[in-house]
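Me: Here is a structure to go through by question and reply. Please keep each reply short and end it on the value or name asked for.

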Amino acid sequence: MAKSIMQDGKYCYICRKEYNINTVSGLEEHHVFGGPLRPLSEHYGLKVYLCHRHHNEPPLGVHFNATARWRLERDAKRAFDLRHGAWMLDKLIKRVQEEAPHAV
Ligand SMILES: [Zn+2]
Ligand SMILES: [Zn+2]
């Protein structure tokens, strides 16, 4: 399994980033880009650990909260582009979407 390129340890990404709290228990792994893009998230380490509240529970969880989801996607793009070059992630995502236009 690829290591996350978005965090260097096992803690809730959002608790640390938004609240400066170090939550290390009850963590769940979240792939920033899911569905047909999930293998891409896995391969390039575009995933984070989240506590249940920030992962899969309304209203804050990223599976319910579009703003929180968008922030994660933005951070993933930044981390990816730093390593692989500007707009590289957008190009990869576009390629996957073109290969499976009905799956997205
Ligand atoms: Zn959290
Ligand atoms: Zn998830």
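Reply: A residue is buried if 20 or more other C-beta atoms lie within 10 Å of its own, exposed if 12 or fewer, and partly exposed in between, with C-beta atoms placed from the backbone. This is a predicted model: local features need pLDDT of at least 70, side-chain atom pairs count only at pLDDT 80 or more, and totals for chains, interfaces and linings use all residues. Residues are numbered from 1 along each chain as its sequence is written, and chains are lettered from A and ligands numbered from 1 in the order in which they are written.

Me: What percentage of the 104 residues of the protein chain counts as buried?
Reply: The protein chain has 104 residues. The share of them that counts as buried is 23%.

Me: In what order do the elements of the protein chain run from the N terminus?
Reply: Helices (H or I, at least four residues) and strands (E, at least two) are DSSP runs, numbered from the N terminus. The protein chain has 5 helices and 2 strands. Their order is α-β-α-β-α-α-α.

Me: What is the radius of gyration of the protein chain?
Reply: The radius is taken over C-alpha atoms, and the globule rule is 2.2 Å times the number of residues to the power 0.38. For 104 residues the rule gives 13 Å, and the chain comes close to that, so it is as compact as a globular protein of that length. The C-alpha atoms fill a box of roughly 40 × 30 × 25 Å along the principal axes. The radius of gyration is 14 Å.

Me: How many bridges join β1 to β2?
Reply: Two strands pair if DSSP finds at least two bridges between them. β1 and β2 run antiparallel, and H30 stands opposite V48 in β2. The number of bridges is 5.

Me: Which residues of β2 are buried on the side opposite K47, Y49 and C51?
Reply: β2 is mostly covered, with 5 of its 5 residues buried. K47, Y49 and C51 are buried on one side. Those on the other side are V48 and L50.

Me: Which element gives the most to the largest nonpolar core?
Reply: A nonpolar core is a set of buried Ala, Val, Leu, Ile, Met, Phe, Trp, Tyr and Cys residues joined through C-beta atoms within 7 Å. The largest has 16 residues, and those with the most contacts inside it are C12, Y13, V32, L46, V48 and L50. Two or more residues come from each of α1, β2 and α4. With 4 residues, the element that gives the most is β2.

Me: Is α5 largely in the open or covered?
Reply: The expected span of a helix is 1.5 Å times one less than its number of residues. For the 12 residues of α5 that is 16 Å, and the end C-alpha atoms are 17 Å apart, which agrees. Of these 12 residues, the number buried is 1, so α5 lies largely in the open.

Me: Where is N20, the residue with a positive phi of about 55°?
Reply: Most residues other than glycine have a negative phi. N20 is not a glycine, yet its phi is positive. With 7 C-beta neighbours inside 10 Å, N20 counts as exposed. Its place is the loop between α1 and β1.

Me: What is the phi of W87?
Reply: W87 lies in the loop between α4 and α5. It is exposed, with 12 other C-beta atoms within 10 Å. Although W87 is not a glycine, its phi is positive, at about 65°.

Me: Which residues does a cis peptide bond join?
Reply: The bond has an omega of about 0°. One of its residues is found in the loop between α3 and α4. The two residues are P58 and P59.
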